[in-house]
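Student: I have a chain to go through and would like to work from its fold down to single residues. Where should we start?

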Amino acid sequence: MWAGGSLLIGTIEPLRLRRSELERKLHRPGAAEGLRDLGVASFDDLRGLFTAGPDELRAFVGPGPLLTDDKPLVEYFLSLPRDRDVDTSPLKGDVTRFIEPE
């Protein structure tokens with residue numbers, strides 16, 4: 001989870017962040033524009049947006065059935081709280097475990 005829940009990223013493989021890879025993307029026109037739209041102009045900006053990883057999110061949402069494309073249990077937009085915002089402030093994930101040394 002990034003930016004307090006505004007961005008969720010899912011991966012099949014474990015998440016690995018590389019400074020050099022992001023710096024290359026910041027110089028590619030399409031990728032750079034998309035990243036800047038998210039407020040990411042540097043690797044440190046990306047680090048600063050990190051909110052929580054899979055362990056913190058599992059603890060935050062608790063147990064429940066798995067939602068998959070072939071067995072959709074809810075429609076996402078209908079499951080969002082309508083009368084309140086979800087407080088993600090207790091989530092304090094550490095992004096450093098996903099950063100690979102250069």
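Tutor: Start with a definition: helices, of at least four residues, and strands, of at least two, are DSSP runs numbered from the N terminus. Note also that this is a predicted model.

Student: Which pattern does the protein chain follow, read along the sequence?

Tutor: Count the elements before ordering them: the protein chain has 5 helices and 0 strands. With 0 strands, the pattern along the sequence is α-α-α-α-α.

Student: What share of the residues in the protein chain is buried?

Tutor: The cut-off for buried is under 20% relative accessible area. Applied to the 102 residues of the protein chain, that gives a buried share of 18%.

Student: Which residues make up the largest nonpolar core?

Tutor: Membership requires a residue to be buried and joined to others through side-chain atoms within 4.5 Å. The largest such core has 11 residues. They are Trp2, Leu17, Leu22, Leu26, Leu35, Val40, Phe43, Leu46, Phe50, Val95 and Phe98.

Student: Is Phe43 buried or exposed, and what is its relative accessible area?

Tutor: Phe43 is found in helix α3. Beyond its neighbours within four places in sequence, Phe43 is in contact with Leu17, Arg18, Arg19, Leu22, Glu23 and Ile99. Its C-alpha atom is separated by 8.6 Å from that of Arg18, which is 25 residues apart along the chain. Phe43 counts as buried because its relative accessible area is 2%.

Student: Which residues are the closest to the centre of the second largest pocket?

Tutor: That pocket has a volume of about 340 Å³. Of the 17 residues that line it, the closest to its centre are Leu17, Leu22, Lys25, Leu35 and Leu46.

Student: How many residues of that lining are nonpolar, polar and charged?

Tutor: Helices α1 (19-25), α2 (29-37) and α3 (43-49) each supply at least two residues of the lining. Leu35, one of the residues closest to the centre, touches Leu22, Lys25, Leu26 and Val40, leaving out residues up to four places away in sequence. By class, the lining divides into 13 nonpolar, no polar and 4 charged.

Student: Which backbone atom does the side chain of Thr51 reach, and at what distance?

Tutor: Thr51 lies in the loop between α3 and α4 (54-61). Thr51 is nonetheless buried, because its relative accessible area is 9%. Apart from residues up to four places away in sequence, Thr51 touches residues including Met1, Trp2, Gly4, Thr88 and Leu91. Its side chain reaches the backbone nitrogen of Gly4 at 2.8 Å.

Key: Residues numbered from 1 in each chain as written. Predicted model: local features only at pLDDT ≥ 70, side-chain atom pairs only at ≥ 80, totals over all residues. Heavy atoms only, no water. Buried < 20%, exposed > 50% of the residue type's maximum accessible area, 1.4 Å probe, protein only. Contact = heavy atoms within 4.5 Å. 1 Å grid on protein atoms, 1.4 Å probe; cavity = no way out; pocket = protein on both sides within 12 Å on 5 of 7 lines; lining within 4 Å. Points joined across faces, edges and corners; volume = space filled by probe spheres on them. Nonpolar A, V, L, I, M, F, W, Y, C, P; charged D, E, K, R; others polar. Polar contact = N/O pair within 3.5 Å; in protein donor to acceptor, adjacent residues only side chain to side chain.
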